[in-house]
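Biologist: I've got a model open on my screen and I'd like to learn how to read it. Could you walk me through some features, one at a time?

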Amino acid sequence: AAPVMLSRFRGALVGSVLGDCIGGEFEGAVDVPLDRVLQHLSALDDDTRGEGILQYSDDTAMMRCVAESLLTRMPFDEHDMARRFAKEFNFAPGRGYGSGVIQVLRKLASPHLKDVFQPAQVQFGGRGSFGNGGAMRAAPFALAFRSRADVCKYSRLGAMLTHSCSLGYNGAALQALAVHLSLQGALALPKEFINKLISEMEEMEKDETAQHDAKALNLSEFPYCSRLHRVKELMDRNSVSIEEVISELGNGIAALQSVPTAIFCVLHCLEPRAGLPEKFRGLERTIAYSLALGGDTDTIACMAGAIAGAHYGIDSIPQSWQKSCEGVEEADDLARRLYDLYCLP
Ligand code: 8NA
Ligand code: MG
Ligand code: MG
């Protein structure tokens with residue numbers, strides 16, 4: 001039976017945290033043999049392992065700020081969200097933030113700052129960041145709003161607090177939309193799921209700024225749409241190698257090289273896959289597969305974990321995995337509170 005909506009909400013935020021915590025092991029690794037991934041995952045089942053729980057990184061730290069801000073200041077309060085990002089960074093600066101975003105977070109801490117979008121706009125010579133930091137924290141927007149238009153609008157604004165390049169904030173909107181559609185059961189029809197994302201991104205990428213940024217970065221005219229078309233092509237193929245996924249879609253810290261990749265991981269793992277244990281259910285397969293791609297593994301697994309968690313629900317996530325990761329209970333609580341908000345008339 002399909003999971004009920006509350007289970008999907010909880011699965012989305014818990015799945016996101018698990019991807020971050022479990023994926024942290026391989027962040028930045030060029031080559032991650034599947035054996036090592038499976039070893040890492042089977043250690044989660046071992047109660048006697050002495051390593052303690054896996055810590056979350058910037059991905060979860062900022063996702064929690066987004067959720068808390070949405071819960072207290074619906075629909076969106078940029079000052080409140082910016083303040084939470086700055087406060088969290090000041091409280092725990094060592095969570096693996098990108099080198100650029102640290103400068104923005106320091107400026108956001110200033111009580112004299114009037115325009116909270118300004119620090120992000122001066123990044124990278126005024127071009128703004130195209131990193132995946134807006135997308136990695138976007139899942140709560142998918143839970144907070146009922147309409148796709150609102151999910152898009154507010155996830156983009158939320159990302160713009162640190163990522164003013166359209167590749168950065170449009171990547172956040174793509175991730176939020178993928179989680180949103182998944183919550184509604186849209187992954188039952190994978191082709192329609194990807195087609196819907198393509199048509200949403202066509203609208204977004206028609207925008208003058210998006211066209212300008214794509215040109216300035218030497219990308220194709222509709223960068224996300226063309227990646228999503230590649231996702232669709234890879235979906236149609238019987239066998240796809242890890243190397244092909246990396247070269248066609250990427251595994252890097254840019255949103256363009258990681259959000260479509262995370263979406264592909266979810267779609268590819270809807271069915272059992274050779275090399276992955278038969279006992280693995282969908283979310284376990286998705287996270288395992290995301291790690292095997294290497295690169296920005298915590299963030300790709302975090303984004304794929306949110307989309308997959310929204311599809312399979314909380315009950316599909318092994319208890320041993322949940323117990324092994326820092327911040328799972330808090331994420332679960334945030335998801336329940338967002339669900340309560342969603343149920344209000
Ligand atoms: P960000 O905004 O600092 O962007 C990350 C990086 O992307 C920057 O430091 C730059 O190198 C590059 N970049 C972004 N925009 C531009 C641009 N317009 N021109 C040139 N270079 C650019 O941080 P973020 O929040 O987007 O973070 C992205 C990822 O990096 C996250 O996964 C986060 O965890 C972080 N990170 C990655 C690693 C790793 O080894 N892969 C390590 C630590 C942190
Ligand atoms: Mg991280
Ligand atoms: Mg990362």
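**Charged pairs, metals and a ligand**

Modeller: Let's begin with a tally: the count of salt bridges comes to 13. Keep in mind that this is a predicted model.

Biologist: How many residues apart are Arg84 and Asp80 in helix 4?

Modeller: A salt bridge here needs a side-chain nitrogen of Lys or Arg within 4 Å of a carboxyl oxygen of Asp or Glu. Arg84 and Asp80 form one, with their closest N and O atoms 2.8 Å apart. They sit four residues apart in helix 4 (residues 78-91), so about one helical turn separates them. Asp80 is buried at 7% relative accessible area, while Arg84 is partly exposed at 25%.

Biologist: Which parts does the pair Glu200 and Arg148 tie together?

Modeller: First the bridge itself: the closest N and O atoms of Glu200 and Arg148 are 2.9 Å apart. Glu200 belongs to helix 10 (residues 190-205) and Arg148 to helix 8 (residues 148-160), so the salt bridge links parts that are 52 residues apart in sequence. Arg148 is partly exposed, with a relative accessible area of 31%.

Biologist: And what about Glu244 and Arg237: what do their side chains meet in?

Modeller: A salt bridge again, at 2.4 Å from N to O. Glu244 is partly exposed at 29% relative accessible area, and Arg237 is partly exposed too, at 36%. Elsewhere, Arg10, Asp332 and Arg336 are joined into one network by salt bridges that share partners.

Biologist: Now a charge without a partner. How far from Arg227 is the nearest side chain of opposite charge?

Modeller: It's 8.3 Å away, and it belongs to Glu248. With a cut-off of 4 Å for a salt bridge, Arg227 has none, even though Arg227 is buried. Arg227 lies in helix 12 (residues 223-236). Leaving aside neighbours within four places in sequence, its contacts are Glu248, Leu249, Gly250, Leu256, Gln257 and Pro260. Glu248 is on both lists: contact takes any heavy atoms within 4.5 Å, whereas the salt-bridge rule looks at particular side-chain atoms.

Biologist: Where is Glu326 placed, and is Glu326 buried or exposed?

Modeller: Glu326 is in the loop between helix 17 (319-324) and helix 18 (328-343). Glu326 is buried, with 17% relative accessible area. Its side chain makes a polar contact of 3.0 Å with that of Arg95. Not counting residues up to four places away in sequence, Glu326 touches Val17, Cys21, Ile53, Leu54, Gln55, Tyr56 and Arg95.

Biologist: On to the metals. Which residues are the protein donors of the magnesium ion (ligand 2)?

Modeller: To read a metal site, look for the atoms around the ion and then for their spacing in sequence. The donors are Ser57 (OG), Asp58 (OD), Asp59 (OD) and Asp298 (OD), at 2.0 to 2.3 Å from the ion. Their spacing in sequence reads S-D-D-x238-D. Asp58 and Asp59 are buried. Asp298 also bridges to the magnesium ion (ligand 3), and these two ions lie 3.4 Å apart.

Biologist: Which residues come nearest to ligand 1?

Modeller: Of the 21 residues around ligand 1, the nearest are Gly100, Ser129, His163, Asp296 and Thr299. For polar atoms, check distances pair by pair. One oxygen of ligand 1 is 2.9 Å from a side-chain N or O atom of Asp58, a residue that is also a donor to the magnesium ion (ligand 2). An oxygen of ligand 1 lies 3.4 Å from a side-chain N or O atom of Glu27. With Val101, the partner is a polar backbone atom, 3.0 Å from a ligand 1 oxygen.

Methods. Residues are numbered from 1 along each chain as its sequence is written. Chains are lettered from A and ligands numbered from 1 in the order in which they are written. This is a predicted model: local features need pLDDT of at least 70, side-chain atom pairs count only at pLDDT 80 or more; totals for chains, interfaces and linings use all residues. Side-chain values use heavy atoms; hydrogens and water are left out. Donors are N, O and S atoms within 2.8 Å of the metal (3.2 Å for Na, K and Ca); water is not among the atoms, so sites may look incomplete. Buried means under 20% relative accessible area, exposed over 50%, partly exposed in between (1.4 Å probe, protein chains only). Helices (H or I, at least four residues) and strands (E, at least two) are DSSP runs, numbered from the N terminus. Lys and Arg count as positive and Asp and Glu as negative; His and the chain ends are not counted. A residue is near a molecule or strand if one of its heavy atoms lies within 4 Å of it. A polar contact is a pair of N or O atoms within 3.5 Å; within protein, one must be able to donate a hydrogen and the other to accept it, and residues adjacent in sequence count only if both atoms are side-chain atoms.
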